[in-house]
Amino acid sequence: MLLSGLKWTFLIVGTMIGAGYASGRELWQFFGSESSFAILLFSILFFICSYVVMKISYEKKSAHYIPVLKELMGRRLTKVYDGMIILYLFSTTMIMIAGGGATLQVLHVPYWFGVVIISVLLVLLFIWGINGMTSMNAMIIPVLIISLVGTLLVFQWTSGFSFQFDVTKQHNWPSAFTFTALNILPLVAVLGAIGHKINHRGELWVASLGSAVILGTVSFLYNESLLKVAHEVMLYEIPLFAILKHYPYFMVLLMSGLLWVAIYTTAASGMLGLCTRFREFVKLPYWMIAFLFVILMIPLTTIGFSRLISILYPLYGILNLYVLAAIILHPIMHRFDEKVINS
């Protein structure tokens with residue numbers, strides 16, 4: 001039970017720790033100063049959301065996210081959010097493929113060659129189906145977390161550990177809701193695909209609590225480190241490099257490699273959601289569905305998607321608040337419905 005729970009823990013963390021998170025860009029955008037309570041609140045919200053979604057997925061024995069959406073949103077809204085999730089997963093995975101090509105240019109690898117490398121690795125991963133995805137996360141995510149935390153701890157040690165928490169200066173707490181909401185769709189998509197693989201209810205507790213503790217701890221440590229170089233963060237496209245500025249060049253190369261891994265795990269999570277959803281319509285192996293999606297995505301990586309994302313992401317942020325509310329209120333409403341039926 002513990003090992004299986006840890007496997008799902010790394011799947012959840014791998015879904016969350018994309019390039020935006022690993023680079024520090026997402027954290028700096030949503031948190032920053034006066035955010036210690038916001039990060040604690042995010043951890044609690046994330047634990048609740050992970051547990052509720054996994055519980056529904058486990059009870060429905062789902063192989064994709066539609067049964068989870070129907071339980072949370074009802075039949076009518078499920079169609080709307082189904083389209084949103086497909087568009088979100090497709091656009092995110094496509095952008096990650098483009099990002100994978102761009103990141104390898106640091107090592108003087110041509111852009112298109114980098115795109116082909118990450119695309120081939122995505123298809124190969126799904127030869128083993130969902131097991132390939134979970135096994136990959138179980139190997140890669142611990143290394144990614146340890147490396148990131150190690151880098152941040154060394155930075156804190158060299159600059160002097162000085163965490164500050166002033167109860168009267170925690171005005172950024174609402175960002176916990178928007179940050180959690182923005183990450184709800186991929187969480188529902190990925191966790192909705194593994195319900196039939198969960199064997200014990202205890203796995204839900206291990207996965208949801210473990211992922212919340214890991215993400216909360218890393219987020220707090222990362223945010224505190226970025227605050228120490230706040231005056232330099234705006235000078236860097238990747239805030240992490242403001243922390244690495246005084247490190248040897250090999251550390252920059254190492255962290256660039258880790259960012260590529262974060263991009264790959266995000267792309268893999270998006271592809272998992274797409275493959276499990278479309279396998280209901282197309283009776284093909286997972287790797288074949290992944291191959292077809294990659295063929296569709298590669299030509300589109302040449303288009304400038306910054307405008308599309310600037311429109312889509314705020315829209316997702318607003319609409320996802322409704323999903324977040326539905327998930328948090330689900331246990332309360334579910335018990336109320338049971339009492340009404342029993343009475």
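**Figure 1. Surroundings of Trp173 in the predicted model.** Beyond its neighbours within four places in sequence, Trp173 is in contact with Phe37, Ala38 and Leu41. The structure shown here and in the other views is a predicted model. Trp173 belongs to the loop that runs between helix 7 and helix 8. With a relative accessible area of 42%, Trp173 is partly exposed. The C-alpha atom of Trp173 is separated by 8.6 Å from that of Phe31, although their positions lie 142 residues apart along the chain. Ser35 is another residue distant in sequence: Ser35 and Trp173 are 138 residues apart along the chain, and their C-alpha atoms are 6.3 Å apart in space.

**Figure 2. Ser35 and Glu34 in the loop between helix 3 and helix 4.** Ser35 is located in the loop that joins helix 3 (25-30) to helix 4. Its relative accessible area is 2%, and Ser35 is therefore classed as buried, the limit for that class being under 20%. The side chain of Ser35 has two polar partners in this view. One is the side chain of Asn172, with which a polar contact is made at 2.7 Å; another is the backbone oxygen of Phe31, reached at 3.3 Å. When neighbours within four places in sequence are set aside, the residues in contact with Ser35 are Gln170, Asn172 and Asn223. Glu34 is likewise placed in the loop between helix 3 and helix 4. Glu34 is partly exposed, its relative accessible area being 32%. The backbone of Glu34 has a positive phi of about 55°, although the residue is not a glycine.

**Figure 3. Lys61 in the loop between helix 4 and helix 5.** Lys61 is found in the loop linking helix 4 with helix 5. This residue is not a glycine, yet Lys61 has a positive phi of about 50°. The relative accessible area of Lys61 is 42%, which makes the residue partly exposed.

**Figure 4. Packing of helix 4 against helix 8.** Helix 4 (residues 36-60) and helix 8 (residues 175-182) have axes that come within 8 Å and cross at roughly 40°. The two helices are therefore oblique to each other. Their crossing is right-handed. On the side of helix 4, the contact involves Ala38, Leu41, Phe42, Leu45, Phe46 and Cys49; these meet Ser175, Ala176, Phe177, Phe179 and Thr180 of helix 8. The contact comprises 9 nonpolar and 2 polar residues, with no charged residue. Ala38 and Leu41 of helix 4 also appear among the contacts of Trp173.

**Figure 5. Ser219 within helix 10.** Ser219 forms part of helix 10 (residues 202-228). A relative accessible area of 0% places Ser219 in the buried class. A polar atom of the Ser219 side chain lies 2.6 Å from the backbone oxygen of Leu215. Apart from neighbours within four places in sequence, Ser219 is in contact with Tyr21, Leu27, Ile39 and Phe42. Of these residues, Phe42 also takes part in the contact of helix 4 with helix 8.

**Figure 6. Crossing of helix 5 and helix 6.** The axes of helix 5 (residues 66-103) and helix 6 (residues 111-125) come within 7 Å, crossing at roughly 130°. Helix 5 is therefore oblique to helix 6. The handedness of the crossing of helix 5 and helix 6 is right-handed. Helix 5 contributes Met96, Ile97, Ala98, Gly100, Gly101 and Ala102 to the contact, and helix 6 contributes Tyr111, Gly114, Val115, Ile118, Ser119 and Leu122. Classified by type, these residues comprise 8 nonpolar, 4 polar and no charged.

**Figure 7. Packing of helix 7 and helix 13.** Helix 7 (residues 129-159) packs with helix 13 (residues 249-278) at an angle of about 150°, and their axes are 10 Å apart. Helix 7 is therefore roughly antiparallel to helix 13, since an angle over 145 degrees falls in that class. The crossing of helix 7 and helix 13 is left-handed. From helix 7, the contact includes Ile130, Met133, Met136, Asn137, Ile140, Ile141, Leu144, Ser147, Leu148 and Thr151. From helix 13, the residues are Met251, Met255, Leu258, Val261, Ala262, Tyr264, Thr265, Ala268, Ser269, Leu272 and Thr276. The contact of helix 7 with helix 13 holds 15 nonpolar and 6 polar residues, and no charged ones.

Notes:
Residues numbered from 1 in each chain as written. Predicted model: local features only at pLDDT ≥ 70, side-chain atom pairs only at ≥ 80, totals over all residues. Heavy atoms only, no water. Axes fitted to C-alpha atoms, helices over the stretch in contact; angles between N-to-C directions. Helix = DSSP H or I, 4+ residues; strand = E, 2+ residues; numbered from the N terminus. Parallel < 35°, antiparallel > 145°, perpendicular 65-115°, else oblique. Left-handed = near helix turned anticlockwise from the far one by under 90°. Contact = heavy atoms within 4.5 Å. Nonpolar A, V, L, I, M, F, W, Y, C, P; charged D, E, K, R; others polar. Buried < 20%, exposed > 50% of the residue type's maximum accessible area, 1.4 Å probe, protein only. Polar contact = N/O pair within 3.5 Å; in protein donor to acceptor, adjacent residues only side chain to side chain.
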